[in-house]
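Visitor: I should like a close look at a single part of this model, with its surroundings traced outward from there. Please state the cut-offs as you go.

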Amino acid sequence: MNHFLRNIFLSIVWLVIFAANSTVCFGVLSFNEIYRFTSTVNGRNPSSLLQTGDGLLYGTTFGGGTNDVGTVFCMDINGSMIFSASLDPAIGMYPSSPLVMGGDGCLYGLAKQGGAYGYGSIYRITTNGTLSS
């Protein structure tokens, strides 16, 4: 398959997948806000989102939290916050990557600064909200 046909095929596949997972009203896509980050406590400036096998959404915010250096949060798909864990300088500051699910059932992420030497860290959070580095 030449490059042009491959790109057309991939575009059609993407369009079918996107359309199947989108709400369409009168030919226009419709988006619904499920949560608004408005407080320092739960975080601000969300930067990533991951849906796990249990259907929950986990993500990070670049600011906010107790120390104003970011949070890791968990919510259901209806926008009900289950927990918001505040990062701190000893563990890591300012999440800089999406979360990934480890083989041990914990979530892992990168922090831009903080940690033992202040140059960033890899942090771990359990699905009940316990953070460690």
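**Threonine 61 and its surroundings**

Guide: Threonine 61 lies in strand S4, where helices and strands are DSSP runs (H or I over at least four residues for a helix, E over at least two for a strand) numbered from the N terminus. The model is predicted, and so local features require pLDDT of at least 70 and side-chain atom pairs count only at pLDDT 80 or more, whereas totals for chains, interfaces and linings use all residues. Residues are numbered from 1 along each chain as its sequence is written, and side-chain values use heavy atoms, with hydrogens and water left out.

Threonine 61 is buried, its relative accessible area being 0%; buried means under 20%, exposed over 50% and partly exposed in between, with a 1.4 Å probe and protein chains only. The side chain of threonine 61 has two polar contacts to report. One reaches the backbone oxygen of glycine 63 at 2.9 Å, and another joins the side chain of threonine 71 at 2.7 Å. A polar contact is a pair of N or O atoms within 3.5 Å; within protein, one must be able to donate a hydrogen and the other to accept it, and residues adjacent in sequence count only if both atoms are side-chain atoms. When residues up to four places away in sequence are not counted, threonine 61 touches Phe37, Asn42, Gly43, Arg44, Asn45, Pro46, Ser47, Gly70, Thr71, Phe73 and Pro95, a contact being heavy atoms within 4.5 Å.

Phenylalanine 62 is also found in strand S4. At 34% relative accessibility, phenylalanine 62 counts as partly exposed. Beyond four places in sequence, the contacts of phenylalanine 62 are Arg44, Asn45, Ser47, Val69, Gly70, Tyr94 and Pro95. The C-alpha atoms of phenylalanine 62 and serine 48 are 9.4 Å apart, with 14 residues of separation along the chain.

The sheet around these residues comes next. Strand S4 covers residues 57-63 and pairs with S3 in the antiparallel sense over six bridges; two strands pair if DSSP finds at least two bridges between them. Arginine 44 has glycine 63 in S4 as its bridge partner. The open sheet has four strands in the order S3-S4-S5-S6, with antiparallel pairing. Its edges are strand S3 (44-51) and strand S6 (81-86), each pairing on one side only. On average, neighbouring strands of this sheet are turned by 20 degrees against each other, direction ignored; the axes are lines fitted to C-alpha atoms, for helices over the stretch in contact, and angles run from 0 to 180 degrees between N-to-C directions.

The sheet also contributes to the nonpolar core. The largest such core has 16 residues, among which Tyr58, Tyr123, Ile125 and Leu131 touch the most other members; a nonpolar core is a set of buried Ala, Val, Leu, Ile, Met, Phe, Trp, Tyr and Cys residues joined through side-chain atoms within 4.5 Å. Strand S5 (71-75), S6, strand S9 (107-113) and S10 are the elements that give two or more residues to this core. Leucine 131 is in contact with Val72, Ala85, Ser86, Leu87, Ile91, Tyr123, Arg124 and Ile125, leaving out residues up to four places away in sequence.

Strand S9 leads to further antiparallel pairings. S9 and S10 are joined by five bridges, and glycine 109 stands opposite tyrosine 123 in S10. Strand S7 (residues 93-95) is joined to S9 by two bridges, with methionine 93 and glutamine 113 as bridge partners. Strand S8 (residues 100-101) is likewise joined to S9 by two bridges, and valine 100 faces tyrosine 108 there. The hairpin of S8 and S9 has five residues between the strands, and glycine 105 in it takes a positive phi near 85 degrees.

Serine 121 belongs to strand S10 (residues 121-125) and is buried at a relative accessible area of 14%. A polar atom of its side chain lies 2.5 Å from the backbone oxygen of isoleucine 91. Apart from neighbours within four places in sequence, serine 121 contacts Ile91, Gly92, Gly109, Leu110, Ala111, Gly114 and Gly115.

Finally, the setting as a whole. The protein chain comprises one helix and 11 strands. Of its 133 residues, 30% count as buried. The chain exposes about 8300 Å², of which carbon and sulfur atoms supply 60%; accessible areas come from the Shrake-Rupley method with a 1.4 Å probe, and for residues only the protein chains shown count as cover.
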